[in-house]
Amino acid sequence: MIFQIILLIMLAYVVGFIYFGLYRNILARIQGRYGPTIYQSFYDSIKLFSKKNTVNYGWMFYLGPIIMATGAVLTLILVPVFSDSDFLRSATSQGNLFVLLYLMVLGPLGNALAVGTGGNPFGVMGVVRGLTRLIGLELPFYIAVVGLIIAANSSDIVHIIDMQKTGGLNIINHPLLFIAAMISMVGFFGESPFDIPGAPQEVYSGPRTEFSGKFLALLMSQGSLFAFAKLVLIIDLFLGGADSLWMLVLKTLAIFVTIIFIGVVYGRYKVEQAVDFLMKIPTLIALLGLARVIWFG
Amino acid sequence: MNSIFLLLNILPILFLYQFGGDLHVSFSLTKDFTLSLIQTPLGTFFAYLSLISFLLVTVSQKSKKLSCNYYALQLLLSFAMLIIVLAGDFITFFIGWEIMTWSSYFIISKSNNIDIKSLQKYILFSLASAFSLIAAIVISYSFANSFDFATISASFKSMPFDIQLTLIILFSLSFFTKAGVIGLHYWVVDTYSKAPDLFSSILSAVMSKMGIYGLFLIYGNIVGYQELKIMFGTILNGTDFGYTLAWIGVATSIIATFKAITQDEVKRLLAYSSIAQLGYIIAVIGFGTTYGVAGALYHTLIHTIIKLLLFINVAAIIAQTGKNRFSELGGLIYRTPVSFVMLLIGIIGLAGMPPLGGFASKFMMYNAAINTKFALILIGMLFSGAASFLYCYKLVYGIYLGHPTSKGLETQKEVPLSYLIPQIILALLLVLTGAFPGAFVKVINPILTQFSLKALPYDGVGIMDSAVGNFNGLFIMSAFVAFFVLILLLISRIKSKAKNNINRFDISYCGEVPSKDTSLHYGFGFGTELHRIKFVNAILKRSTATFYDALALQTKRSSELLSRMYYGNIHNTMIIILLFFSALFFIGVNS
Amino acid sequence: MESGFHGSDLDSSLKCKLEESGMANTHAIMEKAVNWFRSRSIFVVAYGTGCGAIEMPPTFTSRYDAERMGVVGVATPRQADLIILSGYLAYKTLRRVIRTYEQMQRPKYVITLGSCPINGGMYWDSYNTIKKLDDYIPVDVYVTGCMPRPESVIEGFVLLQERIKNGEKAGWQKYDENLKFYKDNQKRVLGGHIDPSYETDWYNLENGGVA
Ligand code: SF4
């Protein structure tokens with residue numbers, strides 16, 4: 001199992017960084033630029049890890065990014081990556097969807113403690129924005145997830161994947177839930193119009209303001225792991241998982257590119273606008289989908 | 001003084017441990033009027049819960065110079081709660097209930113910052129609770145001719161439906177008031193925040209649970225979950241009754257969560273959070289399914305642990321600094337590191353995060369909602385959980401993180417050991433329940449049998465198992481610790497030197513240098529921006545205070561009207577009273 | 001007392017250890033690789049002083065696209081490797097610039113735009129601007145012109161990247177070594193109104209200058 005975990009983390013690390021490079025390239029092309037090389041995020045991370053010194057505000061500040069990375073790794077190993085093989089099944093069967101929903105917030109909350117210790121008001125401003133945004137962001141996502149759970153009558157992800165093998169993909173069976181979940185995902189990926197917490201030009205760079213050197217590098221690395229885990233979770237829930245590496249890359253890439261395309265064309269909401277919006281249209285869409293699940297199976 | 005009462009607090013625990021199991025005493029006052037104590041699995045669970053809580057709070061009271069009266073009253077309160085949970089009939093129950101009300105009233109009145117208004121609120125609501133309780137008891141006596149739980153339960157089925165409904169509503173109202181359901185929570189916040197700091201932990205952790213015990217007693221024992229199903233019919237996979245109650249619980253939890261976020265006083269925040277958490281319990285208590293009851297019981301346990309921990313922690317900080325507002329505290333993390341870690345464990349539990357026990361109980365409740373297909377209830381609970389992260393962060397940020405906002409905080413010492421010991425025990429309990437969520441199943445199963453529900457499956461201490469999903473607490477905990485240590489080692493090996501930055505003013509601040517006068521403690525005020533969100537503002541700007549204040553005003557006016565009758569001449573007043581009663585008498589005779 | 005916290009100290013001690021164990025070669029290769037990565041990824045905090053600030057947006061956006069060379073803007077000095085000072089500096093600005101510079105993490109570089117930071121330019125006789133920026137903080141690359149076009153700014157980036165790649169001695173090392181020189185100069189123009197520097201106690205430089 002340990003070997004598989006290491007393999008998975010390496011895979012997620014590489015894929016996550018390449019996706020992030022791709023993201024920067026796509027963004028550049030849309031803006032009429034060439035953009036950096038696809039490995040740019042990898043260079044950034046190595047450079048940050050090799051900075052000569054790093055500012056530290058005490059032990060809680062030191063531990064914050066580590067808690068965040070732990071949360072990301074734990075999320076990663078609890079999401080089933082391949083639908084048919086029993087790759088890491090012994091680990092993924094130990095958790096369920098609720099564990100994942102909470103683990104996804106555990107990391108950022110741990111990091112928020114470090115931000116608070118750093119004492120920079122801009123950082124805390126970013127955290128508060130993030131937590132306030134979360135109120136709106138989680139609602140459509142929760143409704144979508146609950147809809148799937150009720151439809152499958154289980155919070156076990158493997159079971160939800162298996163359901164889709166016989167009953168057809170969830171994206172076709174429950175398109176409304178998928179749309180709602182994707183709108184939330186745009187926010188979970190920190191894309192416009194929901195990129196409120198770390199908004200540069202407004203609050204420095206939000207929660208990351210005081211992090212430098214290896215801490216920033218760790219935050220970036222865990223970000224790519226976490227992004228991969230979130231993508232895999234979405235394809236597990238709605239696209240029936242992936243049965244081979246190629247399918248995995250293809251499906252996650254499709255979701256990722258969709259999210260980018262939504263993200264690049266919008267400006268930024270204010271936090272209250274974002275929550276208001278999320279509580280109206282996506283929530284309504286999700287509730288319609290949920291009603292369909294409850295009354296029509 | 002403290003050690004004597006500590007011993008006195010240990011005694012009932014030992015007694016229960018030694019002679020408990022099948023305790024059954026009764027002594028008759030008159031022929032058909034007996035007081036009885038019967039030990040049920042449910043009662044035993046609540047008895048241990050309250051007794052151990054009292055013990056821990058007494059430990060933490062060591063460094064406070066408290067009078068003998070205070071301890072005696074507290075002991076009386078503990079005794080009253082023991083009577084309530086062990087009572088076998090309603091008279092004993094009611095005696096316990098009254099002693100609890102009065103003894104707690106006197107303790108609260110001993111607080112330094114209590115005002116007459118809050119005291120009045122407390123006693124009025126307690127009386128209202130007691131009146132509706134006694135009304136329900138009298139009604140049930142008139143049908144069953146007995147105060148005995150078993151007899152009333154047996155004759156309940158033969159009562160007419162409207163009487164059944166009235167009874168359930170009256171009992172529920174009484175216990176809802178104690179638990180602080182929204183609408184009836186008017187007294188809770190003031191009382192919790194103004195009671196003696198350590199006593200607040202008892203109020204929130206134990207006394208509110210007596211309301212929960214009462215609800216279990218009525219729904220599970222007296223009426224019976226099966227009977228409830230027959231009475232009210234079913235919706236989706238659950239009962240109508242459970243669904244209604246669940247909405248009350250979820251509304252309570254959502255509203256109280258948002259209210260909690262906007263509080264500035266530390267203990268008011270905790271009070272609202274307590275209301276919100278009890279909302280969860282009330283949401284699932286009426287389901288009448290295995291998971292519903294198990295979830296409610298599990299969350300009762302977890303909430304007791306968390307609220308004891310948090311209130312003791314906050315009480316210690318208030319005692320140490322003399323400040324009780326977020327806007328006056330801050331930056332204590334490196335002054336009182338142990339306290340910080342304890343509070344941190346507490347809020348991770350409160351937020352229901354996976355490695356700790358808070359998650360196990362929430363998972364049980366979510367399972368209950370999936371089982372009955374109450375999707376909206378589940379969403380409501382998840383939503384209020386997501387919003388609760390905000391007040392959890394505010395709690396830890398406002399006190400420990402950020403910058404100190406008033407003088408003396410920078411030279412603060414760690415709180416006394418007597419405060420820390422109970423906190424460490426409670427934090428350990430939280431960690432243990434997180435790693436071994438299955439262990440508690442063995443405690444729950446006898447209670448489930450008592451309610452004639454199916455027992456929970458048991459797959460080992462580490463695993464929490466249910467029909468709709470399971471998780472391995474031990475695996476998640478150990479994986480978390482393992483990865484944490486691994487990443488920590490990796491990061492500390494990287495040669496990029498982490499320079500310890502001791503000066504808190506060395507932050508990137510747009511090239512400026514903040515000084516002592518710059519206000520840098522940003523987060524204590526958060527919650528204000530919630531007013532700009534329409535949906536949340538709709539909740540925040542409403543308050544039950546307007547209703548109750550109007551009620552108080554009307555009562556005052558009508559009593560003023562009445563008092564006009566006394567215009568100084570005693571004879572005339574007497575004559576009017578005499579006339580009134582004779583009129584009543586005639587009406588009575590004629591009908 | 002150990003003075004400051006020069007990254008080079010750490011390196012040299014490591015080098016000694018590696019040399020003992022006959023691994024100096026590996027270390028040199030590692031160093032080269034790391035330098036290459038450093039040169040490929042430069043985070044910029046663009047400090048808009050003077051007229052040249054207007055040249056920064058075209059440099060970073062669609063027209064000239066500095067990101068294709070790995071040069072990206074960041075918001076805070078904590079994350080930055082490079083600070084661009086785009087013109088003349090008033091004394092008031094200098095104070096903030098020094099503070100920003102000191103908050104950046106080593107290795108760090110400075111690029112200036114225009115002739116004003118070199119010798120005062122057209123402000124050569126102004127009462128409130130500094131004349132030679134290099135006296136106060138070490139400049140790595142001057143991009144000349146009044147004001148320079150984005151092409152020349154990019155040329156400056158390329159020059160800096162070359163230097164980083166070759167592992168040449170950079171400004172921040174000079175700053176750490178000649179702290180007294182720089183601090184004395186700063187003290188002279190800023191007078192009594194000096195911001196506290198949390199890295200070095202430069203009032204007591206004689207005693208090693210550790211804060
Ligand atoms: S060099 Fe020319 S353009 Fe640049 S700041 Fe000086 S005067 Fe302005």
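In this predicted model, the centres of domain 1 of chain B and domain 2 of chain B, taken over C-alpha atoms, are separated by 45 Å. Domain 1 is assembled from three stretches of chain B, namely 2-142, 159-453 and 462-485, while domain 2 covers residues 552-590.

From the domains we can turn to the empty space between atoms. Rolling a probe the size of a water molecule over the atoms shows where such space is left. The second largest pocket has a volume of about 790 Å³, and among the 28 residues that line this pocket, those closest to its centre are A:Ile9, A:Val73, B:Leu486, B:Ile487 and B:Leu490. Several helices take part in building the lining: in chain A, helix H1 (2-30), helix H2 (40-49), helix H3 (59-78) and helix H10 (213-238) each supply at least two residues, and helix H19 (473-493) of chain B does so as well. Helix H19 of chain B gives the largest share, with nine residues of the lining. When the lining of the second largest pocket is sorted by class, 24 residues are nonpolar and four are polar, whereas no charged residue is found there.

Helix H10 of chain A, which contributes to that lining, also contains A:Ser224, a residue that deserves a closer look. Is A:Ser224 buried or exposed? A:Ser224 counts as buried because its relative accessible area is 5%, and the limit for being buried is under 20%. Once its neighbours within four places in sequence are left aside, A:Ser224 is in contact with A:Ala12, A:Tyr13, A:Gly16 and A:Phe17. A:Ala91, by comparison, lies 133 residues from A:Ser224 in sequence and 21 Å from A:Ser224 in space, counted from C-alpha to C-alpha.

Chain C offers another view of the structure. It holds eight helices and five strands, and, read from the N terminus on, its elements follow the order α-α-β-α-β-β-α-β-α-β-α-α-α. Of the 211 residues of chain C, 51% count as buried. Among the contacts in chain C with a separation of 6 or more, 74% are between residues 24 or more positions apart.

Which residues of chain C are around the ligand? They are C:Cys51, C:Gly87, C:Tyr88, C:Gly114, C:Ser115, C:Cys116, C:Met122, C:Tyr123, C:Cys146 and C:Met147. Sorted by class, this shell around the ligand has seven nonpolar and three polar residues, and no charged ones.

Definitions and conventions. Residues are numbered from 1 along each chain as its sequence is written. Chains are lettered from A and ligands numbered from 1 in the order in which they are written. This is a predicted model: local features need pLDDT of at least 70, side-chain atom pairs count only at pLDDT 80 or more; totals for chains, interfaces and linings use all residues. Side-chain values use heavy atoms; hydrogens and water are left out. Domain bounds come from an automatic or database domain assignment. On a 1 Å grid over the protein atoms alone, a cavity is a set of points where a 1.4 Å probe fits but cannot get out, and a pocket is an open set with protein on both sides within 12 Å along at least five of seven lines; lining residues have an atom within 4 Å of a point. Grid points are joined across faces, edges and corners, and a volume is the space filled by probe spheres set on the points. Helices (H or I, at least four residues) and strands (E, at least two) are DSSP runs, numbered from the N terminus. Ala, Val, Leu, Ile, Met, Phe, Trp, Tyr, Cys and Pro count as nonpolar, Asp, Glu, Lys and Arg as charged, and the others, Gly among them, as polar. Buried means under 20% relative accessible area, exposed over 50%, partly exposed in between (1.4 Å probe, protein chains only). Contact means heavy atoms within 4.5 Å. A residue is near a molecule or strand if one of its heavy atoms lies within 4 Å of it.
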